[in-house]
Amino acid sequence: MDIKQYGVSPNMEKELSYRFIAYLIGLLLAFESILLLACCCVSLMYGGRDLIAFAVSCSVCLAASIMLLVYGRKKKSAPSRYEAYIVVALSWVFFTVFGMFPYLLGGYIPNITDAFFETMSGFTTTGATILDNIESMPYGILFWRSLTQWIGGLGIVCFSIVLLPEFGVSSQMLYLSEATGVTHNKICPKTRVMARYIFLVYILLTVIESALLKVGGMSLFDAVCHSMATIATGGFSTKQESIAYWHSPYIEYVVSLFMLLSAINFSLYIVALRGSWKQLWQNVELRWFASSAGLLTLIISTALILNNGYGVEEAFRKSLFQVATCHTSCGFATDDYNLWPSFTWMLLIFAMLSGGCTGSTSGGIKNLRMIIVAHCIRNQFRQILHPRAVLPIRVGSMFDNKLVTMVLVFFAAYMSVAFIGWTLLMAFGVGLTEAMSTVISAMGNVGPGLGSFGPAFSWAALPDAAKWILSSLMLIGRLEIFGFLLIFYKSTWSGSWS
């Protein structure tokens, strides 16, 4: 990364400014206090049972924001790349800490471990829950659960860049530190303008789905909450049975469609709205994603017809929904796939690992990385047969060796972290299948796992230690491994890579 293009001097790179870090986190907490205030309004609209919890949470969050802003008022003009990564990583932790206050203060989730887990699951759009009594929760709490996912789907920093002009020249460095994917398409010259375009597409998809779900029989409140969770590919529902509560094929198809739409690179929508519709299907990653989702749906549909006695339409609908929810890392459920043929579980695990497209709200490794890894394997066979051949990696355009190496390192790191998490969970008494599936689900920000923590169950029965590990894996997966682990790297805080 060339730091000169962001207006950051080499000397500034070597001087870590704690005041600037405090100032930016203070701005982000001010934004979170506004979100909590919005939940106060929702609480008032629906009876106000949780009003005090949100009012106190908002006040505490605002007070912390003011203290950090005062401390960091004598800041410099722009962040270094070190500070950008630190701010992004810490902002998700701070948001989670203050975001769990409504659960704790209202007594809705009295345990700190569970409250932190539920909030982290929300902001990272994982959708795994420890609640077994969702319908008993007040409207403000239900709205807060969906809102955390909606904010986390696009990104805490991205929302703040759009809504808080004070970020100024800091916006580009912070945006790139939080944005997921292999490459970042520069569809607009200014980061703030690009973020606004993406934000408008985000809102448009949410509004359209809300209207369609309202037509399908949901209340306005349920439609809005489920739309926010769908577009964020989150998975929190206002019902314990999730989407299955409505027993509506129409609703299932609508949610399936918007889960898939939300897993597409948002910059492609902007390009399409400018008139270049052909670029949508010309995009190699999108074609790979669509082909993968279609093939998995076809295979699982056939298995359900032959092995479980489903009708053709029901088999297609159930398999499409579950493939979409796993492939996009959304986490909704309409059927218990633990009862499906066991080989289909591995297909769904593959979908969880792959995730959606880069630049979308979905989690997982991302399809572009999977394509590059597949091309590397293919080229290795060719290299054996033709040792002198020069075999570049082409996925639409040619990728240089440095980028390919980054993808391979990411893939190796992703699987290594997953293996470590799997081992740790088993050490704390979680079963083999459950440990594997919950780790992959947490890192991919998916939600449901297999066995005792499948779509028909909550994750409440997990040991507390396992919940803290999985909460960490959710954040590691959301910030794509290195974005979070960098804060534990000594040189990040010293401002030098020596």
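# A guided walk through a helical model

Visitor: What am I looking at, and how many helices and strands does the protein chain have?

Guide: Start with the fact that this is a predicted model. The protein chain has 23 helices and two strands. Of its 498 residues, 60% are buried.

Visitor: How do I read the contacts along the chain? What share of them comes from residues 24 or more positions apart?

Guide: Set aside the contacts with a separation below 6, then look at what remains. Among contacts with a separation of 6 or more, residues 24 or more positions apart account for 72%.

Visitor: Let's try two helices. At what angle do H2 and H3 pack?

Guide: The angle compares the N-to-C directions of the two axes. Helix H2 covers residues 18–45 and helix H3 covers residues 51–71; they pack at about 160°, and their axes are 7 Å apart. An angle over 145 degrees counts as roughly antiparallel, so that is the word for H2 and H3. Their crossing is left-handed. Sorted by class, the H2–H3 contact has 22 nonpolar, five polar and two charged residues.

Visitor: Now H6 and H21. Are they roughly parallel or antiparallel?

Guide: Check the angle again. Helix H6 (residues 112–123) and helix H21 (residues 464–478) pack at about 20°, with axes 9 Å apart. Under 35 degrees counts as roughly parallel, and H6 and H21 are therefore roughly parallel to each other. H6 passes H21 in a left-handed crossing.

Visitor: Which residues of H6 and H21 make the contact?

Guide: On the H6 side, look for Ile112, Thr113, Asp114, Phe116, Phe117, Met120 and Ser121. H21 contributes Asp464, Lys467, Trp468, Leu470, Ser471, Met474 and Leu475. By class, the contact of H6 with H21 has eight nonpolar, three polar and three charged residues.

Visitor: I keep spotting rings. How many aromatic pairs are there?

Guide: A pair of aromatic rings is described by the distance of the centres and the angle of the planes. Counting this way gives 19 aromatic pairs. Take Phe117 and Trp459: the ring centres are 6.0 Å apart and the planes are at 45°, so this pair is tilted. Phe117 is in helix H6, while Trp459 sits in the loop between helix H20 (432–443) and H21, and the two are 342 residues apart. Both Phe117 and Trp459 are buried.

Visitor: What about Trp150 and Tyr202: how far apart are they, centre to centre?

Guide: Trp150 and Tyr202 are 5.2 Å apart, centre to centre, with 25° between the planes, and the pair is stacked. Trp150 lies in helix H7 and Tyr202 in helix H10 (residues 191–215), so the pair ties together parts 52 residues apart in sequence. Trp150 counts as buried at 13% relative accessibility, and Tyr202 counts as buried at 0%.

Visitor: Which residues form an aromatic cluster?

Guide: Find Phe31, Phe54, Phe95, Phe123 and Trp144: these form one aromatic cluster.

Visitor: How do I read a single loop residue? Is Thr125 buried or exposed?

Guide: Look at where the residue sits, then at its accessible area, then at what it touches. Thr125 is found in the loop between H6 and helix H7 (139–154). Thr125 has a relative accessible area of 2% and is buried. Leaving aside neighbours within four places in sequence, Thr125 is in contact with several residues, including Gln149, Ala232, Ser329, Thr361 and Asn445.

Visitor: And backbone angles? What is phi of Lys366?

Guide: Here you check the sign of phi and the kind of residue. Lys366 has a positive phi near 90°, though it is a residue other than glycine. Its place is in the loop between helix H17 (342–354) and helix H18 (367–385), and Lys366 is buried, with a relative accessible area of 2%. Ser242 is not a glycine either, and its phi is positive, about 60°. Ser242 is in the loop between helix H11 (220–231) and helix H12 (249–262), and is buried at 10% relative accessible area.

Visitor: One last residue: what does Leu347 touch?

Guide: Compare places in sequence with places in space. Leu347, in helix H17, touches Leu296, Ile299 and Ile300, not counting residues up to four places away in sequence. Leu347 and Ile300 are 47 residues apart in sequence, and 8.4 Å apart in space from C-alpha to C-alpha.

How values were computed
Residues numbered from 1 in each chain as written. Predicted model: local features only at pLDDT ≥ 70, side-chain atom pairs only at ≥ 80, totals over all residues. Heavy atoms only, no water. Axes fitted to C-alpha atoms, helices over the stretch in contact; angles between N-to-C directions. Helix = DSSP H or I, 4+ residues; strand = E, 2+ residues; numbered from the N terminus. Parallel < 35°, antiparallel > 145°, perpendicular 65-115°, else oblique. Left-handed = near helix turned anticlockwise from the far one by under 90°. Contact = heavy atoms within 4.5 Å. Nonpolar A, V, L, I, M, F, W, Y, C, P; charged D, E, K, R; others polar. Buried < 20%, exposed > 50% of the residue type's maximum accessible area, 1.4 Å probe, protein only. Phe/Tyr/Trp six-rings, centres within 6.5 Å; stacked < 30°, edge-to-face > 60°.
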